Amino acid sequence: VHGHGDSREAAAYLGRSGLLQCELGHFRAGAEAYRRALAIFDRLETRDHPERLVLLRNSCSAFVFLDELEQAARDCDQALAMATRLYGANSEQQANTRVYRIKLLAAQGRLDEAHAETRRLRAMGSRVRRDGLSRTHSD
């Protein structure tokens, strides 16, 4: 039996709330909303739900802004593995997730690795949306 309020709809609501909080510059509140939404997905045993990928990417971004780079790395690594598993190594979802990884690598001061990731994205060519490199959060 799931806890009170545990549903995909509740997780989606928290995800939207987190996005709004981050857009308003309230990264701590946004990160907390993402953590709560991810916990719901974990309790519902829906670890491969596409919305979970969006939450992981957005959580990574929020924790980069908070300079909590270990948590950001955990979320980013999970998101990259999930995107690859669900959509494939050369998919748009995987490429979009790499954009978040580039931001994380830059924040960690790992600029050579960030440049290498950028070159990989360029090599993927048309599979990457043109606006993907300038985005902070997913749709």
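Helices, here, are DSSP runs of H or I with at least four residues, numbered from the N terminus. By that convention, Asp 67 lies in the loop between H3 and helix H4, the latter covering 69-87. The model in which this loop appears is a predicted one.

The overall architecture comes before the details. The protein has six helices and zero strands, and its elements, read from the N terminus, follow the order α-α-α-α-α-α. Of the 139 residues in the protein, 46% are buried. Among the contacts with a separation of 6 or more, 58% are between residues 24 or more positions apart.

The interior can be described through its nonpolar cores. The largest nonpolar core has 28 residues, and those with the most contacts inside it are Tyr 34, Ile 40, Leu 55, Cys 60, Val 64, Ala 72 and Leu 104. At least two residues of this core come from each of helix H1 (8-23), H2, H3, H4 and helix H5 (92-107). A second, separate core has seven residues, including Ala 95, Val 99, Leu 105 and Leu 121. Within the largest core, Ala 72 illustrates how the contacts run: with neighbours within four places in sequence left aside, Ala 72 is in contact with Cys 60, Phe 63, Val 64 and Leu 104.

Helix H3 deserves separate attention. H3 has 16 residues and spans 24 Å from its first C-alpha to its last, close to the 22 Å expected at 1.5 Å a residue. Because 13 of its 16 residues are buried, H3 is largely enclosed by the rest of the structure. One residue of helix H3 is Ser 59, which is buried with a relative accessible area of 0%. Not counting residues up to four places away in sequence, Ser 59 touches Tyr 34, Arg 35, Leu 38 and Asp 75.

The end of H3 takes part in a ring contact. The structure holds one aromatic pair. Its members are Phe 27 and Phe 65, which are stacked, with 4.6 Å centre to centre and 10° between the planes. Phe 27 lies in helix H2 (residues 27-43) and Phe 65 in helix H3 (residues 50-65), so the pair ties together parts that are 38 residues apart in sequence. Phe 65 counts as partly exposed, since its relative accessibility is 48% and the partly exposed class lies between 20% and 50%.

Just after H3, the backbone of Asp 67 takes a positive phi of about 60°. Most residues other than glycine have a negative phi. Asp 67 has its positive value although it is not a glycine. The residue is also exposed, with a relative accessible area of 57%.

Which cysteines might be expected to pair, and what does the geometry show? A search of the whole structure finds zero disulfides. A disulfide is a covalent bond between the sulfur atoms of two cysteines. For Cys 76, the closest cysteine sulfur is that of Cys 60, at 3.9 Å, which is too far for a bond; the cut-off for a disulfide is 2.5 Å between the sulfur atoms. Cys 76 is buried, with a relative accessible area of 1%. Cys 22 likewise counts as buried, at 4% relative accessibility.

The discussion now turns to helix H4 and what follows. Ala 81 lies in helix H4 and is partly exposed, with a relative accessible area of 39%. The C-alpha atoms of Ala 81 and Thr 97 are separated by 9.5 Å, while the two residues are 16 residues apart along the chain. Between H4 and H5, the loop contains Ser 91. At 12% relative accessibility, Ser 91 counts as buried. Beyond residues up to four places away in sequence, Ser 91 touches Ala 83 and Met 124.

A final side-chain arrangement involves a charge and a ring. The charged end of Lys 103 sits over the ring of Tyr 100, at 5.3 Å from the centre of that ring.

Note on methods. Residues numbered from 1 in each chain as written. Predicted model: local features only at pLDDT ≥ 70, side-chain atom pairs only at ≥ 80, totals over all residues. Heavy atoms only, no water. Phe/Tyr/Trp six-rings, centres within 6.5 Å; stacked < 30°, edge-to-face > 60°. Buried < 20%, exposed > 50% of the residue type's maximum accessible area, 1.4 Å probe, protein only. Lys NZ or Arg CZ within 6 Å of the ring centre and 35° of its normal. Expected span 1.5 Å × (residues − 1). Core = buried A, V, L, I, M, F, W, Y, C linked by side-chain atoms within 4.5 Å. Contact = heavy atoms within 4.5 Å.
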